[in-house]
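Good morning, and thank you for making time for this presentation. I would ask you to keep the sequence and the model in view while I speak.

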Amino acid sequence: LQKKIDDNSVSLLIAENNINFIQGYIGFLSKNKNISIIADESFDNDFFNKIFNEYKPNYIFLPLRLRKFFKLCKSIFKFSDYIILKTPFTKHKNLNFENFLLLSTSGTTQNPKFVRLSRQNIEINTKNIIRYLKIKNNHITITTMPLGYSYGLSILNSHLKAGAKIIVTKRKIFEKEFWKILKSEKVCSFGGVPEFYEFLQKLNFKKRVEKSLKYITQAGGKLSFESLKYFGKVCKEKKIKFYVMYGQTEASPRISYLDWNNFFKSFGSVGKALTGSCIVLKDKKGKIINKADKAGEIYFYGKNVFLGYANSFKDLSKDDEVKGELITGDIGRYDKLKNLYILGRKDKIVKIFGKRCNLGDLEDFLKEKKFLVKCKYNKPFLEIYTKSINEEKKIKKFSSEFLKLNNNFILIRRKKSKSFK
């Protein structure tokens with residue numbers, strides 16, 4: 001694969017849970033003078049076009065079934081059900097190859113804003129994950145998360161680095177075949193976002209636990225106290241470790257984890273920062289908070305903190321703009337054991353079914369459609385407040401299409417004009 005790629009290039013990799021994607025991913029990332037952009041297969045054609053036009057990639061590595069969306073590109077290599085396309089764009093000048101990998105910040109809102117990660121960012125975070133989860137080369141995991149998003153990719157990276165085994169499947173937990181694979185392959189672990197675990201609870205996880213299962217991980221948002229109690233009880237009974245974690249794509253992506261030994265002592269916490277990094281709480285005046293139970297904005301410092309954001313290929317010449325400081329936009333507090341609790345978001349970025357969405361983007365989109373709205377996420381529902389009369393169906397339809405969200409989880413509420421000032 002590497003022989004097909006020229007130096008000084010930008011490549012777009014469209015990810016799916018597929019062994020051929022993983023081999024291509026390794027090939028492209030092993031190329032020294034190449035910047036790789038990861039986009040998930042779930043993104044729609046309009047978003048792919050935005051990435052194509054804004055970042056002007058020289059190569060596209062994608063599933064064969066998506067070839068039709070890039071008619072102006074030339075096929076140069078077919079790799080089973082994946083293909084490499086050469087685009088009409090000439091090589092970019094002044095690329096900074098510290099920019100190693102670009103991951104989307106808000107795939108569900110179709111904003112072509114990406115996080116710029118260095119090789120060091122990913123390697124440090126990956127080694128930390130291997131260390132605290134004690135991943136060995138005889139370990140076996142399974143793909144329960146999309147590889148086009150930071151959490152799923154992080155699980156992949158840590159197991160590749162450890163020389164462990166990864167069962168690659170598109171099967172979902174509500175399919176019998178998934179549980180057959182879990183049993184036959186003696187899977188040791190898997191990970192999921194809150195909605196994944198809430199569904200797993202409904203499937204009666206306790207009756208599905210296999211003896212091979214050693215631990216499970218949860219990130220991507222806050223799990224309900226009811227579900228935390230359920231999984232804590234089941235895991236204790238079945239001698240499985242349940243790790244609750246906190247992360248952001250900007251942190252490559254994991255920030256903290258709660259030691260299983262403290263799960264019940266610090267119930268609902270996301271634990272402490274990874275080795276070599278630190279979490280700091282600050283009040284509105286920027287003063288550091290050291291007291292327990294006092295809320296403040298979460299700042300994260302570490303060598304896994306991203307280099308900055310990119311909105312187009314012009315940003316790929318940029319260097320490190322944040323210098324190891326991540327202002328998360330989350331509000332948190334410590335307990336007496338110095339374990340961290342996430343209390344909420346400071347801004348409009350929320351996670352809906354594990355995917356980060358910028359509600360500001362949705363408000364701007366609906367404004368272009370002549371609808372003045374304010375959005376609020378009240379899990380599991382997206383609440384849209386509007387003063388528009390008799391336009392509820394249109395607002396719901398546009399919002400559902402924009403976010404790729406089932407409209408049953410969208411509630412339209414009437415609001416007076418003064419609420420929009």
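I shall begin with the protein as a whole and then turn to individual residues.

Please bear in mind throughout that this is a predicted model. In terms of secondary structure, the protein contains 10 helices and 25 strands. Along the principal axes, the C-alpha trace spans about 60 × 55 × 45 Å. How does the radius of gyration of the protein agree with that of a compact globule? For 421 residues, such a globule would have a radius of gyration near 22 Å, and the protein has 22 Å, so the two agree.

Next, the interior and the surface. Of the 421 residues, 54% are buried. Among contacts with a separation of 6 or more, 67% are between residues 24 or more positions apart. The exposed area of the protein is about 20300 Å², and carbon and sulfur atoms supply 51% of that area. As for charge, there are 84 positive and 40 negative side chains, with the centres of the two sets 3 Å apart.

Let us now move to particular places, starting with N125. This residue belongs to helix α3, which covers residues 119-133. Is N125 buried or exposed? Its relative accessibility is 0%, and N125 therefore counts as buried, the limit for that class being under 20%. A polar atom of the N125 side chain lies 3.0 Å from the backbone oxygen of R254. Beyond its neighbours within four places in sequence, N125 is in contact with A251, S252, P253, R254, L274 and N304.

Two of the residues just named are joined by a peptide bond that deserves a remark. The bond from S252 to P253 is cis, with omega near 0°. P253 itself sits in the loop between β12 (241-247) and β13 (254-257). A cis peptide bond also joins K379 and P380, where omega is about 5°. P380 lies in a loop as well, the one between β23 (373-378) and β24 (381-386).

I turn next to S189, in strand β10, residues 189-192. With a relative accessible area of 2%, S189 is buried, because the limit is under 20%. Which side chain makes a polar contact with the side chain of S189? The partner is the side chain of H139, at 3.0 Å. Setting aside residues up to four places away in sequence, S189 touches H139, I140, T141, I142, H159, L213 and Y215.

A little further along the chain is helix α6, residues 194-202. Its buried residues are P194, E195, F196, Y197, L200 and Q201. As general background, an α-helix has 3.6 residues a turn, so residues three or four places apart point the same way. After α6 comes N204, whose phi is positive, near 65°.

Positive phi values bring me to two further residues. N94 is not a glycine, yet its phi is positive, about 60°. N94 is located in the loop between β5 (82-86) and β6 (101-104), and it counts as exposed because its relative accessibility is 66%, where over 50% is required. K134, also a residue other than glycine, has a positive phi near 55°. K134 falls in the loop between α3 and β8 (140-142). At a relative accessible area of 58%, K134 is exposed.

Finally, I should like to consider two lysines. K33 occupies the loop between α1 (19-29) and β2 (34-40). Its relative accessibility is 41%, so K33 counts as partly exposed. Apart from residues up to four places away in sequence, K33 touches D6, D7, N8, S9 and F97. How far apart in space are K33 and R414? Their C-alpha atoms are 53 Å apart, and 381 residues separate them in sequence.

The other lysine, K236, is part of helix α8, residues 225-238. K236 has a relative accessible area of 59% and is therefore exposed. Its contacts, leaving out residues up to four places away in sequence, are W260 and F264. Between the C-alpha atoms of K236 and F61 the separation is 43 Å, the two residues being 175 apart along the chain.

To close, I would recall two of the residues we have visited. S189 is buried in the model, whereas K236 is exposed. Thank you for your attention.

Technical notes. Residues numbered from 1 in each chain as written. Predicted model: local features only at pLDDT ≥ 70, side-chain atom pairs only at ≥ 80, totals over all residues. Heavy atoms only, no water. Helix = DSSP H or I, 4+ residues; strand = E, 2+ residues; numbered from the N terminus. Rg over C-alpha atoms; globule rule 2.2 N^0.38 Å. Buried < 20%, exposed > 50% of the residue type's maximum accessible area, 1.4 Å probe, protein only. Contact = heavy atoms within 4.5 Å. Areas by Shrake-Rupley, 256 points an atom, 1.4 Å probe, with all protein chains shown as cover. Lys, Arg positive; Asp, Glu negative; His and termini not counted. Charge placed at Lys NZ, Arg CZ, Asp CG, Glu CD. Polar contact = N/O pair within 3.5 Å; in protein donor to acceptor, adjacent residues only side chain to side chain.
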